[in-house]
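Please look through the structure shown below and follow the description strand by strand. The paragraphs after it go from the strands to the side chains.

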Amino acid sequence: AELRSFFAFDPAARYGVFVAAADLDGDGVAEIIAGAGEGGSPHVKVIRFADLAETASFFAFDPAQRGGVSVGAQTGFLVVGSGVGVASEVRV
């Protein structure tokens, strides 16, 4: 059954989204991490599951890049990877 549904980014955008989940703040509940897909900027958002409140929003790389950003997470750690068309870079 669907538990939640929301647009992480502008609903008119057609670049997709990369998604991960992990307990980043140590409260025992996973946050939702969204990264803009190919064609979007390297924008990352962290969203609290309980109320879908945005707890963080940042550009993982140069905002002018349009390759998107992949996201991954493990308890306490957020990992991002540069998108298509730019040098391969990973940040933790």
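In this predicted model, β5 and β6 pair in the antiparallel sense, and six bridges join them. One of the facing positions is Q74, which stands opposite F77 of β6. The two strands form a hairpin with two residues between them. In this hairpin G76 has a positive phi, near 85 degrees.

On from β6 comes a further pairing. β6 and β7 are also antiparallel, here over two bridges. V80 stands opposite R91, a residue of β7. Taken together, the strands make an open sheet of three, in the order β5-β6-β7, with antiparallel pairing. β5 and β7 are the edge strands, and each has a single partner, so one side of each has no neighbour in the sheet. In a regular strand, side chains alternate between the two faces of the sheet.

Where do the nonpolar side chains go? In soluble globular proteins, nonpolar side chains tend to be buried together. The largest nonpolar core here has 10 residues. Its members are A20, I33, V44, V46, A60, F61, V69, V71, L78 and V80. Three elements give two or more residues to this core: β3 (43-48), β5 (69-74) and β6 (77-82). V80, the residue opposite R91, is thus named again as a member of the core.

Which residues does V71, a member of the core, touch beyond four places away in sequence? V71 touches F18, V19, A20, I33, A34, G35, V44, V79 and V80. Among these contacts, A20, I33, V44 and V80 are also listed in the core.

Some nonpolar residues lie at the surface instead. F77, V79, V90 and V92 form a nonpolar patch there, and together they have about 410 Å² of accessible area. V92 is found in the segment after β7 (90-91). Is V92 buried or exposed? The relative accessible area of V92 is 75%, and residues over 50% count as exposed, so V92 is exposed.

The charged side chains come next. How many salt bridges are there? The count comes to three.

One of them joins K45 and E54, with the closest N and O atoms 3.5 Å apart. The relative accessible area of K45 is 14%, and buried means under 20%, so K45 is buried. Its partner E54 is partly exposed, with a relative accessible area of 45%.

Another salt bridge is formed by the side chains of R48 and D51, at 3.0 Å from N to O. R48 counts as partly exposed because its relative accessibility is 32%, a value between the limits for buried and exposed. D51 is partly exposed as well, with a relative accessible area of 45%.

E89 forms a salt bridge with R91, the closest N and O atoms being 2.9 Å apart. E89 is partly exposed, with a relative accessible area of 34%. R91 is partly exposed too, at 38% relative accessibility. R91 therefore appears in two parts of this description: as the residue opposite V80, and as the partner of E89 in a salt bridge, where R91 counts as partly exposed.

Methods. Residues are numbered from 1 along each chain as its sequence is written. This is a predicted model: local features need pLDDT of at least 70, side-chain atom pairs count only at pLDDT 80 or more; totals for chains, interfaces and linings use all residues. Side-chain values use heavy atoms; hydrogens and water are left out. A nonpolar core is a set of buried Ala, Val, Leu, Ile, Met, Phe, Trp, Tyr and Cys residues joined through side-chain atoms within 4.5 Å. Buried means under 20% relative accessible area, exposed over 50%, partly exposed in between (1.4 Å probe, protein chains only). Helices (H or I, at least four residues) and strands (E, at least two) are DSSP runs, numbered from the N terminus. Contact means heavy atoms within 4.5 Å. Patches are made of residues with over 30% relative accessible area and no salt bridge: like charges are joined within 9 Å, nonpolar side chains (Val, Leu, Ile, Met, Phe, Trp, Tyr) within 5 Å. Accessible areas come from the Shrake-Rupley method with a 1.4 Å probe; for residues, only the protein chains shown count as cover. A salt bridge is a side-chain nitrogen of Lys or Arg within 4 Å of a carboxyl oxygen of Asp or Glu. Two strands pair if DSSP finds at least two bridges between them.
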